[in-house]
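Trainee: I would like a close look at a single part of this model, namely one helix and the helices that pack against it. Please take me through its course, its covering and its neighbours in one connected account.

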Amino acid sequence: MISTYPDNSVQSLPRSKRIARKSLPVTVIEPTRGGISIIAALAEYGEYSALLRYLTLRDLRLRFQSPLLGIVWVTLMPLLPAAIFATIFARILQPSTGGVPYALYALAGFVPWTFFSTSVSTASMTFVWNANLLNKVYFPRAVLPASALLASSVELGAGLVLVCGYSIWRGYPPMLSWLWLPLLALYVAVIAFLVSLGLATANALNRNVKFAIPFLMQLWIYATPVFYPISIVPARARFILGLNPLTGALDAFRSALLGTRMDHTLFLISLASTGVFGVASIWLFRRYEALLAERV
């Protein structure tokens, strides 16, 4: 709320300066009671789209200072773990993947997981890394994790091309269900943004959170069917696996890519869990958004 009042402080000034100050109003900026609405907040973010583009391009330039090395790294990030698990894990446990080659099955899981893990690990640190920017100028704070996530989306796009090309090479031609892949990739990006927003806020409030994030990612990959099929989990316990928002997303991603059967119940449970994660993250962020510049 912005209010304008006459400058009553001029009475305390010398007469020579009082004349110059009499005509100047005083503008007082006060916080709106209860904060601004979600719709008003989204409209404000739209006004700062240029800043979002600038920060995204800045992150891309820093990440791909050497374009050739960047392309190689983006390709190897999901490919290497998939190859390692295909060599070791598949031979030891021999999990049932419904006739799908395990290397392809694992790669279809590691592509969205690598994007999620990289995005969360990077975006959750953006408030702390940009402390000087937060303290100098006002802008909607969620722009920072959003720009980090958009920069990481280049890796997701490269991973989609990689996994689609590998599936064709292994005898899985393009299908109509592939049209769902961009939407499912966007769904994974939304999950990554919601988790990053909450962790970035918590990290700004308590710096010890940054030490827990790598440990959280290590636990999260085992709680997500990235390198193992959902079928190895007993049917009565699968709803627990579905409480992980990524479980339904990865299952739907594999189903769209490979034409396998999708567990709709598991997807709905994960979708509901995503909603809970989203409400909690947005509440935490909006609760402490005004204090971020002081806490970092």
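Mentor: A crossing is called right-handed if the near helix is turned clockwise from the far one by less than a right angle, and left-handed if it is turned anticlockwise. The model is predicted, so that local features need pLDDT of at least 70 and side-chain atom pairs count only at pLDDT 80 or more, while totals for chains, interfaces and linings use all residues. Residues are numbered from 1 along each chain as its sequence is written, and side-chain values use heavy atoms, with hydrogens and water left out.

Let us take helix 6 as the part to examine, a helix being a DSSP run (H or I, at least four residues) numbered from the N terminus. Helix 6 covers residues 102-123, and its 22 residues reach 31 Å from the first C-alpha to the last, which is close to the 32 Å expected at 1.5 Å a residue (the rise times one less than the number of residues). Along this course helix 6 bends by about 25 degrees at Phe110, and within four residues there follows a proline, Pro112; the bend is the angle between axes fitted to the seven residues ending at a position and the seven starting there. As to its surroundings, helix 6 is mostly covered, with 19 of its 22 residues buried (under 20% relative accessible area, against over 50% for exposed and partly exposed in between, with a 1.4 Å probe and protein chains only).

Two packing partners can now be placed around it. Helix 10, residues 181-205, packs with helix 6 at an angle of about 25 degrees, and their axes are 8 Å apart. That angle makes helix 6 roughly parallel to helix 10, and helix 6 passes helix 10 in a right-handed crossing. Axes here are lines fitted to C-alpha atoms over the stretch in contact, with angles from 0 to 180 degrees between N-to-C directions; those under 35 degrees count as roughly parallel, over 145 as roughly antiparallel, 65 to 115 as roughly perpendicular and the rest as oblique.

Helix 11, residues 209-222, is the second partner, and helix 6 packs with helix 11 at about 165 degrees, with 10 Å between the axes. Helix 6 and helix 11 are therefore roughly antiparallel, and their crossing is again right-handed. The two partners also meet one another, since the axes of helix 10 and helix 11 come within 10 Å and cross at roughly 150 degrees, so that helix 10 and helix 11 are roughly antiparallel. Helix 10, too, passes helix 11 in a right-handed crossing.

For contrast with helix 6, consider helix 9, whose 27 residues (143-169) should span 39 Å at 1.5 Å a residue, in agreement with the 39 Å between its end C-alpha atoms. Helix 9 has a kink of about 25 degrees centred on Ser152, and helix 9 is followed by Gly171, whose phi is positive, near 95 degrees. In the loop between helix 8 (131-136) and helix 9 lies Val137, which is partly exposed at 41% relative accessible area; its C-alpha atom is separated by 9.7 Å from that of Ala293, 156 residues apart along the chain.

One further pair deserves a look: Val279, which belongs to helix 14 (residues 264-288), and Leu194 are 85 residues apart along the chain, yet their C-alpha atoms are separated by 8.7 Å. Val279 itself is exposed, with a relative accessible area of 60%.

Note on methods:
Helix = DSSP H or I, 4+ residues; strand = E, 2+ residues; numbered from the N terminus.
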